[in-house]
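Let's take a walk through this one together, picking a few residues and asking what sits around them. Have the coordinates open as you read.

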Amino acid sequence: MENLQKIINEFREKTGYELSIIDGKLRYEGSLDLCGCIGLTSLPNGLVVGSLDLGGCTGLTSLPNGLVVGSWLNLRGCTGLTSLPSDLVVGGSLNLYGCIGLTSLPSGLVVGGLDLEGFAGLTSLA
């Protein structure tokens, strides 16, 4: 629990958002808008959010394991992103427009909808 509290404090310092711990998982029930946070390089493992906007977060190279997004996930313009976790769950749409570093999607990916417009680097669907 102390480790989770440390993660919460660091996340709040970097983003201004307050996460909570519910059933041992880090959660943010609303829409987490981190769009344009170019200095953001990581998110905590096991994060559960209502919706997540990471558009233009060019410092991200990967997403955390166990990420669950209840609604939509915007990764538009995340040019540093080179992989997605195999256990990523997105209840709504996943926007990958301009994610030029991604070349494949993981086999365990669960999404409600997928926007691949401008996703020129895609060479395979696992």
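Cys37 is partly exposed, since its relative accessibility comes to 28%. One caveat before going further: this is a predicted model. Does Cys37 stand alone, or is it paired? The answer is that Cys37 is in no disulfide, and in fact the structure holds zero disulfides. The nearest cysteine sulfur to that of Cys37 belongs to Cys57, 5.2 Å away. That gap is too far for a bond, because a disulfide needs the two sulfur atoms within 2.5 Å. Cys57 itself is buried, at 0% relative accessibility, whereas Cys37 is partly exposed.

How far can you trust what you're looking at? The mean pLDDT of the protein is 89, and 94% of the residues reach 70 or more. Among the elements, strand 5 has the highest mean pLDDT, 97. At the other end is strand 9 (residues 124–125), with the lowest mean, 66. Where pLDDT is low, the predicted coordinates should not be read in detail.

Strand 5 is a good place to go next. It covers residues 73–74, and Asn74 belongs to it. Is Asn74 buried or exposed? Its relative accessible area is 14%, so Asn74 counts as buried. Setting aside neighbours within four places in sequence, Asn74 is in contact with Leu52, Asp53, Leu54, Gly55 and Asn95. You can also check Asn74 against Asp33: the two are 41 residues apart in sequence, yet their C-alpha atoms are 9.6 Å apart in space.

Follow the contact from Asn74 to Asn95 and you arrive in strand 6 (residues 89–95). Asn95 is buried too, with a relative accessible area of 16%. Beyond its neighbours within four places in sequence, Asn95 is in contact with Leu73, Asn74, Leu75, Arg76 and Asp115. One of those, Arg76, has something else going on: its charged end sits over the ring of Tyr97, 3.9 Å from the ring centre.

Now turn to strand 3 (residues 48–53), where you'll find Ser51. Ser51 is buried, at 6% relative accessibility. Which residues does Ser51 touch, leaving aside neighbours within four places in sequence? Its contacts are Gly30, Ser31 and Leu32, along with Val69, Ser71 and Trp72.

Another serine makes a handy contrast. Ser62 is in the loop between strand 3 and strand 4 (68–69), and with a relative accessible area of 31% Ser62 is partly exposed. Not counting residues up to four places away in sequence, Ser62 touches Leu81 and Ser83. Try Ser93 as a reference point as well: Ser62 and Ser93 are 31 residues apart along the chain, and their C-alpha atoms are separated by 18 Å.

Head back towards the start of the chain for the rings. How many aromatic pairs does the structure hold? There is one. Its members are Tyr17 and Tyr28, with ring centres 5.3 Å apart and planes at 85°, so the pair is edge-to-face. Tyr17 lies in the loop between helix 1 (2–15) and strand 1 (20–22), while Tyr28 is in strand 2 (residues 25–33), so the pair ties together parts that are eleven residues apart in sequence. Tyr28 is partly exposed, with a relative accessible area of 21%.

Stay in this part of the sequence for a charged pair. A search of the whole structure finds one salt bridge, and it is formed by the side chains of Glu18 and Arg12, at 2.6 Å from N to O. How accessible are the two partners? Glu18 is partly exposed at 42%, and Arg12 is partly exposed at 32%.

One last stop, for the backbone. Asp23 is found in the loop between strand 1 and strand 2, and its phi is near 55°. That is a positive value in a residue other than glycine. Most residues other than glycine have a negative phi. As for its surroundings, Asp23 is exposed, with a relative accessible area of 73%.

Key:
Residues are numbered from 1 along each chain as its sequence is written. This is a predicted model: local features need pLDDT of at least 70, side-chain atom pairs count only at pLDDT 80 or more; totals for chains, interfaces and linings use all residues. Side-chain values use heavy atoms; hydrogens and water are left out. Helices (H or I, at least four residues) and strands (E, at least two) are DSSP runs, numbered from the N terminus. Buried means under 20% relative accessible area, exposed over 50%, partly exposed in between (1.4 Å probe, protein chains only). Contact means heavy atoms within 4.5 Å. pLDDT is the predictor's confidence in each residue, from 0 to 100. Rings of Phe, Tyr and Trp (its six-membered ring) pair if their centres lie within 6.5 Å; planes under 30 degrees apart count as stacked, over 60 as edge-to-face and the rest as tilted. A charge sits over a ring if NZ of Lys or CZ of Arg is within 6 Å of the ring centre and within 35 degrees of the ring normal. A salt bridge is a side-chain nitrogen of Lys or Arg within 4 Å of a carboxyl oxygen of Asp or Glu.
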